Amino acid sequence: MKIDPIERTNLALSAGAVAASWWLATPAFALSLGFGALLEAVNFRGLRRSAEFLFWGEISGSRGWQAVFALRFGLLVIVIGSALAFGAHPVGLIVGLSLIMPAAVFE
């Protein structure tokens with residue numbers, strides 16, 4: 001599997017954040033942060049693939065693009081809601097979901 005430089009930086013940043021939060025915060029916070037980082041990594045890869053398909057012309061028209069976005073967004077909402085229902089720490093989950101932004105800015 002080919003890893004993009006943004007994804008590589010995100011992986012390093014996420015691993016460091018989980019390790020630091022395991023040491024500084026509770027294990028539940030660290031696990032929630034790691035799960036959020038996993039979700040955003042999968043979501044970012046899906047967003048990137050969708051954008052590549054759109055630019056290559058394999059998703060024709062706006063309906064195809066909207067369907068892919070709606071499916072990805074809907075699945076993300078369901079998984080985040082399920083994680084919160086099973087007791088994930090909300091702040092850890094949000095921090096994990098947000099780690100792609102510093103990686104993208106850095107790269």
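# A helical chain and its pockets

Reader: Which residue forms a salt bridge with Glu7, and how far apart are the closest N and O atoms?
Author: A salt bridge here is a side-chain nitrogen of Lys or Arg within 4 Å of a carboxyl oxygen of Asp or Glu. Glu7 pairs up with Arg45 in this way. Their closest N and O atoms sit at a separation of 3.0 Å.

Reader: What kind of model is this, and what pLDDT do side-chain atom pairs need to count?
Author: Residues are numbered from 1 along each chain as its sequence is written, and side-chain values use heavy atoms, leaving out hydrogens and water. It's a predicted model, where totals for chains, interfaces and linings use all residues, local features need pLDDT of at least 70, and side-chain atom pairs count only at pLDDT 80 or more.

Reader: How many salt bridges are there, and how many residues apart are Glu7 and Arg45?
Author: The structure has just one salt bridge. The pair ties together distant parts of the chain, with Glu7 in helix α1 and Arg45 in helix α2. Along the sequence the gap is 38 residues.

Reader: Are Glu7 and Arg45 buried or exposed?
Author: Buried means under 20% relative accessible area, exposed means over 50%, and partly exposed is in between (1.4 Å probe, protein chains only). Glu7 has 13% relative accessibility, so Glu7 counts as buried. Arg45 comes in at 30%, so Arg45 is partly exposed.

Reader: What is the overall pattern of the protein chain?
Author: Helices (H or I, at least four residues) and strands (E, at least two) are DSSP runs, numbered from the N terminus. The chain has five helices and zero strands. Read along the sequence, that gives α-α-α-α-α.

Reader: Where do the buried residues of α1 sit around its axis, and what arc do they cover?
Author: Ile6, Glu7, Thr9, Asn10, Ser14, Ala17 and Ser21 are the buried ones in α1. They sit on the same side of α1, because the arc (of the directions from the helix axis to the C-beta atoms) is only 155°.

Reader: Which residues are exposed on the other side of α1?
Author: An α-helix has 3.6 residues a turn, so residues three or four places apart point the same way. Across from the buried side of α1, the exposed residues are Leu11, Ala12 and Trp23.

Reader: How far apart are the end C-alpha atoms of α1?
Author: The expected span of a helix is 1.5 Å times one less than its number of residues. For the 20 residues of α1 that comes to 28 Å, and the model agrees, with end C-alpha atoms 28 Å apart.

Reader: What volume does the largest pocket have?
Author: A pocket is an open set of points on a 1 Å grid over the protein atoms alone, where a 1.4 Å probe fits, with protein on both sides within 12 Å along at least five of seven lines; lining residues have an atom within 4 Å of a point. Grid points are joined across faces, edges and corners, and the volume is the space filled by probe spheres set on the points. For the largest pocket, that's about 280 Å³.

Reader: Which of its lining residues are closest to the centre of the largest pocket?
Author: The helix giving the most to this lining is α2, with eight residues. Out of 16 lining residues, the closest to the centre are Glu7, Asn10, Leu11, Ala37 and Ala41.

Reader: How many charged residues line the second largest pocket?
Author: Ala, Val, Leu, Ile, Met, Phe, Trp, Tyr, Cys and Pro count as nonpolar, Asp, Glu, Lys and Arg as charged, and the others, Gly among them, as polar. The lining includes Glu7 and Arg45. By class, it has one nonpolar residue, no polar ones, and charged residues numbering seven.
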